[in-house]
Amino acid sequence: MKLSDEFMDTKENKVIAIITGILCVLFTILVSVNNGDATCIFLSILFGTFIAGKIDTVNHLISSILLIALLLFLGVPSFSWYCLLFCIIANYIDEKGNDMSDEIDEKENGKKGLFYKFFKYRYTLKVVVLILSLLGLFKLLYPNSILGGLMVFAPVTIIYLYAFDLSYESVNLIFDRIYDFF
């Protein structure tokens, strides 16, 4: 979605922004229909950004509607509703914190400390997913524990989130080369 955002915000190219947004949805669907943790995380990103008022362009709107429609049509694996709630709250906090880090970027002499870095790279969701993944590891190691009946994330989910996030952040590094290609 970052690529779609860059096409819309930086280059003001609605057609390519919509196409890349649709491609993002298709890849998201491929993962989400097979993994409940992925479904939970992607829905939390969608709902968290919606609540934060970040679904504000045509590419976001089309992609959001298409994602929800395809998930409803294709169905999703089971996932934890309370994990979804925790992740939505975390994503909302990340979006608002990221706005504040953008304001620091705009100031020439803005101090760029831990707060700035934490929200610049949206770490609230990562921390929540890490905790839910660690609970999943604990549940795996101790199946008869108090967590036995609780739905949490698989331990590997944090690794998948980081892989997703690295690809998201790498778009900033290669965007101009990609745009020049089109």
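Modeller: Buried means under 20% relative accessible area, exposed means over 50%, and partly exposed lies in between. With that settled, let's walk through this predicted model together.

Biologist: Happy to! Is Glu95 buried or exposed, and at what relative accessible area?
Modeller: The cut-off for buried is under 20%. Glu95 falls below that limit, so this residue is buried, and its relative accessible area is 7%.

Biologist: Which side chain does Glu95 meet in a salt bridge?
Modeller: The N to O distance in this salt bridge is 3.0 Å, and the rule asks for a nitrogen within 4 Å of a carboxyl oxygen. Glu95 therefore brings the oxygen, and the nitrogen comes from the side chain of Lys54.

Biologist: How many residues apart in sequence are the parts that this pair ties together?
Modeller: Lys54 lies in the loop between H3 and helix H4 (58-74), while Glu95 belongs to helix H5 (residues 81-106). The pair therefore ties together parts whose separation in sequence, in residues, is 41.

Biologist: And what is the N to O distance where Asp99 and Lys54 meet in a salt bridge?
Modeller: Their side chains pair at an N to O distance of 2.7 Å. This pair also links distant parts of the chain, with Asp99 in helix H5 and Lys54 in the loop between H3 and H4, 45 residues apart. Asp99 is partly exposed, at 25% relative accessible area. The N to O distance you asked for is 2.7 Å.

Biologist: Lys54, Glu95 and Asp99 are linked in a network of salt bridges; which other residue is linked there?
Modeller: This one sits in the loop between helix H6 (114-120) and helix H7 (123-141). Its phi is near 50 degrees, a positive value in a residue other than glycine. At 19% relative accessibility it counts as buried. The residue is Arg122.

Biologist: Which residue forms a salt bridge with Asp165?
Modeller: The N to O distance there is 3.2 Å, and the partner is Lys126. Asp165 lies in helix H8 and Lys126 in helix H7, so the pair ties together parts 39 residues apart in sequence. Both residues are buried. The partner, once more, is Lys126.

Biologist: Over which ring does the charged end of Lys126 sit?
Modeller: The charged end lies 4.7 Å from the ring centre. That ring is part of a cluster that ring pairs build from Phe115, Phe118, Phe119, Tyr123 and Tyr162. The ring under Lys126 is that of Tyr123.

Biologist: How many aromatic pairs does a search of the whole structure find?
Modeller: The search counts rings whose centres lie within 6.5 Å. Over the whole structure, the number of aromatic pairs is 8.

Biologist: What is the angle between the planes of Phe42 and Phe164?
Modeller: The ring centres are 5.4 Å apart and the pair is edge-to-face, a class that needs planes over 60 degrees apart. Phe42 is in helix H3 (residues 36-51) and Phe164 in helix H8 (residues 157-181), 122 residues apart. Phe42 is buried at 17%, whereas Phe164 is partly exposed at 31%. The angle between the planes is 85 degrees.

Biologist: Last one: what kind of aromatic pair do Phe138 and Tyr142 form?
Modeller: Their centres are 5.0 Å apart, with 45 degrees between the planes. Planes under 30 degrees apart would be stacked and over 60 edge-to-face. Phe138 is partly exposed at 37%, and Tyr142 is partly exposed at 48%. Their pair is tilted.

How values were computed: Residues are numbered from 1 along each chain as its sequence is written. This is a predicted model: local features need pLDDT of at least 70, side-chain atom pairs count only at pLDDT 80 or more; totals for chains, interfaces and linings use all residues. Side-chain values use heavy atoms; hydrogens and water are left out. Helices (H or I, at least four residues) and strands (E, at least two) are DSSP runs, numbered from the N terminus. Buried means under 20% relative accessible area, exposed over 50%, partly exposed in between (1.4 Å probe, protein chains only). Rings of Phe, Tyr and Trp (its six-membered ring) pair if their centres lie within 6.5 Å; planes under 30 degrees apart count as stacked, over 60 as edge-to-face and the rest as tilted. A charge sits over a ring if NZ of Lys or CZ of Arg is within 6 Å of the ring centre and within 35 degrees of the ring normal.
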